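I opened this entry to record what I looked up in the structure. The notes run from the overall fold to single residues.

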Amino acid sequence: MDVFRRGVSIPLYATDALICPVKAVQRFWNLRKRIEPLSPDDPFFLCQNGEALSRMVFIAKMRHNIASTGRDPKLFNGHSFRIGASTQSSKALGRWKGDTYRRYIRTPNVVIKQGQLVLTRS
């Protein structure tokens, strides 16, 4: 959530795995360009009405999809992705012990790259 509307940089790294963050974003971006001309200031994700995807809409859609799998959607929220990715990559990389992964920290890009590689191979 970019509450100050400054933009957010999310480093992505190419992988040789079936799932590649760089290729996924490139495919998505190419699809978006077919719908309408884009500028760097345009939101990355849009709703069907053309408005920027809000946190509330994202969470509602996510919970709907989770409910369709038979899981309790109330157990998931926007923070689930941050915590889930932190947990998975930290355990895979062996960097954090106990529940330390629950704290939000600034992570060097090299660790983010290693985490993405691990997550795409899981």
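Entry 1, overall fold. Reading along the sequence, I noted the pattern α-α-α-α. I counted 4 helices and 0 strands in the protein. The model is a predicted one, and I read every value below as computed from it.

I then looked up burial for the whole protein. Of its 122 residues, 14% count as buried. The exposed surface comes to about 10,000 Å², and carbon and sulfur atoms supply 56% of that area. For contacts between residues at least 6 apart in sequence, I found that 30% join residues at least 24 apart.

Entry 2, helix H2. I recorded 13 residues for H2 and a reach of 18 Å from its first C-alpha to its last, close to the 18 Å expected at 1.5 Å a residue. Which residues of H2 are buried? I found Ile 59, Met 62 and Ile 66. Viewed down the axis of H2, these buried residues fall within an arc of 65 degrees, so they line one face of the helix. The general rule I kept in mind is that an α-helix has 3.6 residues a turn, so residues three or four places apart point the same way. Met 56, Lys 61 and His 64 are exposed on the other side of H2.

Entry 3, Leu 75. I located Leu 75 in the loop between helix H2 (55-67) and helix H3 (79-93). Leu 75 has 64% relative accessibility; the cut-off for exposed is over 50%, and Leu 75 therefore counts as exposed. I also checked its separation from Arg 63: the two are 12 residues apart in sequence, and their C-alpha atoms are 9.0 Å apart in space.

Entry 4, the segment before H1. I placed Thr 15 in the segment before helix H1 (21-35). Is Thr 15 buried or exposed? Its relative accessible area is 6%, so I entered Thr 15 as buried. A polar atom of the Thr 15 side chain lies 2.9 Å from the backbone oxygen of Ile 19. For the backbone nitrogen of Ala 17, I noted a distance of 3.4 Å to a polar atom of that side chain. Setting aside neighbours within four places in sequence, I listed the contacts of Thr 15 as Cys 20, Pro 21, Gln 116, Leu 117 and Thr 120.

Ile 19 also belongs to the segment before H1. With a relative accessible area of 53%, Ile 19 is exposed. Its C-alpha atom is separated by 5.4 Å from that of Thr 120, although the two residues are 101 apart along the chain.

Entry 5, aromatic rings. I counted 4 aromatic pairs. The ring centres of Trp 29 and Phe 44 are 5.6 Å apart and the planes lie at 5 degrees, so I recorded this pair as stacked. The pair links distant parts of the chain, with Trp 29 in helix H1 and Phe 44 in the loop between H1 and H2, 15 residues apart. Phe 44 also pairs edge-to-face with Phe 45, at 4.7 Å centre to centre and 85 degrees between the planes.

How exposed are these residues? I noted Trp 29 as partly exposed at 26% relative accessibility. Phe 44 is partly exposed at 29%, and Phe 45 is partly exposed at 45%. Finally, I recorded that Phe 28, Trp 29, Phe 44 and Phe 45 form one aromatic cluster.

Terms used: Residues numbered from 1 in each chain as written. Predicted model: local features only at pLDDT ≥ 70, side-chain atom pairs only at ≥ 80, totals over all residues. Heavy atoms only, no water. Buried < 20%, exposed > 50% of the residue type's maximum accessible area, 1.4 Å probe, protein only. Expected span 1.5 Å × (residues − 1). Arc of directions from axis to C-beta. Polar contact = N/O pair within 3.5 Å; in protein donor to acceptor, adjacent residues only side chain to side chain. Contact = heavy atoms within 4.5 Å. Areas by Shrake-Rupley, 256 points an atom, 1.4 Å probe, with all protein chains shown as cover. Phe/Tyr/Trp six-rings, centres within 6.5 Å; stacked < 30°, edge-to-face > 60°.
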